[in-house]
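Dear colleague,

I am handing over the structure shown below for your consideration. My findings follow it.

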Amino acid sequence: MSATPRSFPPPGELTWDQSAGRACIWCRRPLTSGAVSVGIIRDQLGAHNLDTEVWAGPCCASTTH
């Protein structure tokens, strides 16, 4: 049995650093080495694509699977 993946916060609740890939999506710590891409938050505003690739640091990456 596989673990349930963690859910992402809504796009409007992301900090600038989280949405820019500079901070962990879950704990908001600054990312340095060992960061991994954990998915994409899908969003749009009319015809504008606002999808955001989100990253986790080693602090939270091991709990995503």
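Two residues are in contact when heavy atoms of theirs lie within 4.5 Å. Please note that this is a predicted model.

With that cut-off, and leaving aside residues up to four places away in sequence, T52 touches L14, S19, G39, I40 and I41. T52 itself belongs to strand β4, which covers residues 52–56. For one of these partners, I41, the C-alpha atom is 5.2 Å from that of T52, although 11 residues separate the two along the chain. The side chain of T52 also reaches the backbone oxygen of L50, at 3.2 Å. Because its relative accessible area is 13%, and buried means under 20%, T52 is buried.

I then turned to the aromatic rings. A pair of such rings is described by the distance of the centres and the angle of the planes. Searching the whole structure yields 1 aromatic pair. It is formed by F8 and W26, whose ring centres are 5.9 Å apart and whose planes meet at 20°, so the pair is stacked. Distant parts of the chain are linked in this way: F8 is in the segment before α1 (16–19), while W26 is in the loop between α1 and β1 (36–41), 18 residues apart.

How accessible are the two partners, F8 and W26? F8 counts as partly exposed, because its relative accessibility is 29%. W26, by contrast, counts as buried, with a relative accessibility of 18%.

Yours sincerely

Key. Residues numbered from 1 in each chain as written. Predicted model: local features only at pLDDT ≥ 70, side-chain atom pairs only at ≥ 80, totals over all residues. Heavy atoms only, no water. Helix = DSSP H or I, 4+ residues; strand = E, 2+ residues; numbered from the N terminus. Buried < 20%, exposed > 50% of the residue type's maximum accessible area, 1.4 Å probe, protein only. Polar contact = N/O pair within 3.5 Å; in protein donor to acceptor, adjacent residues only side chain to side chain. Phe/Tyr/Trp six-rings, centres within 6.5 Å; stacked < 30°, edge-to-face > 60°.
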